[in-house]
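Colleague: Hi! Please choose one residue here and take me through its surroundings closely, then set that spot in the context of the rest of the chain. I would enjoy one connected account rather than a list.

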Amino acid sequence: MENPQPVLFDPELVRRYDRSGPRYTSYPTARQFHAPFDPDHYRDEVARSNDDPIPSDLSLYLHLPFCNSPCFYCGCNRIISRDPDSLARYLQRLLHEAELQGALFDRDRPVRQLHLGGGTPTQFNDDQLRMLWHGLHSHFRFASRVEASIEVDPRGVTPARMGALAELGFTRVSFGIQDLDPEVQEAVNRRQDRQHCLDVIAAAQAAGFESVAVDLIYGLPRQNVQGWNATLDAMIAAKPGRVAVYGYAHMPAQFKAQRQIKDAELPDAAARLELLKAAVDRLTGAGYEHIGMDHFALPEDSLMKARRQGLLQRNFQGYSTLAGLDLVGLGVSAIGHVGRVYAQNAKTLDAYYGPLDQGRLPITAGLVMSDDDLVRADIINRLMCYGELRYADIERRHGVHFPDYFARELRRLEPLGADGLVVMEAEGVRVTPKGRFLLRSVAMQFDAYLPGPETPRFSRVI
């Protein structure tokens, strides 16, 4: 795959297309999952995939939901608790689930990728993480080389702990920085010391992590360009390999913690665009390349290497390397994806613990993909990751005649072509440099579930 084209940020175009839509960390999206969902669908698909001539290797995602205090912007499934016994009980159940899941997969299917997300995974201490690490290795066969990543709240770790995490086996770390402006931090209940954040980033780099990433959020209350630029400049000076710049999605009706945020303190649409443009200008000016949507990476980062090698993917962790792995989800609300089946665990602790205590998988929702889902998922992933679509590739892989099968979708793309988001050619569709910020808008044209009479509310595209 070629490197991304130069970034062309067109504020007026972005403003016109800034509407609600999926982020496409999966297709179909989790909004389409059915509940109740029979775990036998998942077990049967795992058994079928074991019999594939060349079965897929595995990726493990573990959801560790506990946090010390709520961040008001957060829309994640998290549990506010400082009770060490709660963490111990959860770890016990998590390892039991790993035992049940590991027994389903043949031992010739090694784990090549591991991701710990939250919540705050580092709320678990080093001994607990070591216990988890060794437990996973006893229930799954791990490849000799594994990409192992962990999400870190810089407030809860010391620089010395970054060395301990690297020694345990983690190769990639992602820091939730969001914004270094004290006024913004106060508004979202996430106070963190600027220098401490920079120190733990530097410590991770010194510890030898293969990839260090930071997450920022624009559109938060009390943000202004001056303070935001100071945060961007500090991150550029720290030089993480990846920077994700997410747009805050204010949905207080859906996420209770967001009701603590004052609407009057939120930047308006014009100010949000100004904040985003500042991030684009500063990051690309410092040598970061625009992967797509909200992700930037230095040319030598593994994410850029994966893009050049055709191994980039969209999944529940956003942009990720090592496409083609079957995903095993462990923990409360975690989502797995094996072959045609998506399977999601129960979303509350009681509902998660109950089946496990009876020796059953805690799967409560999911979906069996149709042939139509499979071809559309392939198209959307190609657009989101590479910004291009070659009809012959889809026809060869899925046995459809693209111009006929997607005649309606191609007509829907024509206005986007007229606006300069895409170039429509005889061989396929190519997203333009200024269309890369609107990949969601392009992908939405191939979403069979949109629009619907009861389409749920998604976050805005920008």
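**A close look at Glu97**

Modeller: Happy to. Setting aside neighbours within four places in sequence, Glu97 is in contact with Gly329, Leu330, Gly331, Asn345, Tyr352, Leu356 and Pro362. Please keep in mind that this is a predicted model. Glu97 itself sits in helix H3, which covers residues 84-102.

Which side chain of opposite charge is nearest to Glu97? It is Arg93, and that side chain is 10 Å away. A salt bridge needs a side-chain nitrogen of Lys or Arg within 4 Å of a carboxyl oxygen, so Glu97 is buried yet has no salt bridge. What the side chain of Glu97 does have is polar company. Its partner in one polar contact is the side chain of Asn345, at 2.7 Å. A polar atom of the Glu97 side chain also lies 2.9 Å from the backbone nitrogen of Gly331. Asn345 and Gly331 both appear among the contacts listed for Glu97.

Let us follow the chain around that spot. Gly329 and Leu330, two of the residues in contact with Glu97, belong to the range of strand S13 (326-330). A loop runs between strand S13 and strand S14 (335-338), and Ser333 lies in this loop. The backbone at Ser333 deserves a glance: phi is near 70 degrees, a positive value in a residue other than glycine. Ser333 counts as buried because its relative accessibility is 14%.

Strand S13 also holds Asp326, whose partner Arg109 lies in the loop between H3 and strand S4 (111-118). The side chains of Asp326 and Arg109 meet in a salt bridge, with N to O at 2.6 Å. The two residues are 217 apart in sequence, and the pair links distant parts of the chain. Both Asp326 and Arg109 are buried. For a charged residue without such a partner, look back at Glu97, which is buried and has no salt bridge.

Now for salt bridges elsewhere. A search of the whole structure finds 32 of them. One joins the side chains of Glu45 and Arg48, at 3.0 Å from N to O. These two are three residues apart in helix H2, so about one helical turn separates them. Glu45 is buried, with a relative accessible area of 9%, while Arg48 counts as partly exposed at 39%. Another bridge is formed by Arg282 and Asp233, whose closest N and O atoms are 2.7 Å apart. Arg282 lies in helix H9 (residues 269-285) and Asp233 in helix H8 (residues 225-238), so this pair ties together parts 49 residues apart in sequence. Arg282 is partly exposed, at 32% relative accessible area, and Asp233 is partly exposed too, at 39%. There is also a network of salt bridges that links Asp378, Arg382, Asp393, Arg396 and Arg397.

Tyr319, in strand S12 (residues 318-320), gives another view of a buried polar group. With 3% relative accessibility, Tyr319 counts as buried, and its side chain reaches the backbone oxygen of Met384 at 2.5 Å. Beyond its sequence neighbours, the contacts of Tyr319 include Ile291, His295, Leu312, Cys385 and Leu439. His295 is 24 residues from Tyr319 in sequence, and their C-alpha atoms are 7.7 Å apart.

If you like checking backbone details, try the loop between helix H1 (11-16) and helix H2 (39-50), where Pro28 has its place. A cis peptide bond joins Tyr27 and Pro28, with omega about -10 degrees. Pro36 is found in the loop between H1 and H2 as well, and the bond from Ala35 to Pro36 is cis, with omega near 0 degrees. Tyr24 lies in that loop too and has a positive phi of about 55 degrees although it is not a glycine.

Finally, the whole chain. It has 16 helices and 19 strands. For 462 residues a compact globule would have a radius of gyration near 23 Å, and the chain agrees with this at 22 Å. Its C-alpha trace spans about 60 × 55 × 40 Å along the principal axes, and 57% of the residues count as buried. Among contacts with a separation of 6 or more, 75% are between residues 24 or more positions apart.

Technical notes:
Residues numbered from 1 in each chain as written. Predicted model: local features only at pLDDT ≥ 70, side-chain atom pairs only at ≥ 80, totals over all residues. Heavy atoms only, no water. Helix = DSSP H or I, 4+ residues; strand = E, 2+ residues; numbered from the N terminus. Buried < 20%, exposed > 50% of the residue type's maximum accessible area, 1.4 Å probe, protein only. Lys, Arg positive; Asp, Glu negative; His and termini not counted. Polar contact = N/O pair within 3.5 Å; in protein donor to acceptor, adjacent residues only side chain to side chain. Contact = heavy atoms within 4.5 Å. Rg over C-alpha atoms; globule rule 2.2 N^0.38 Å.
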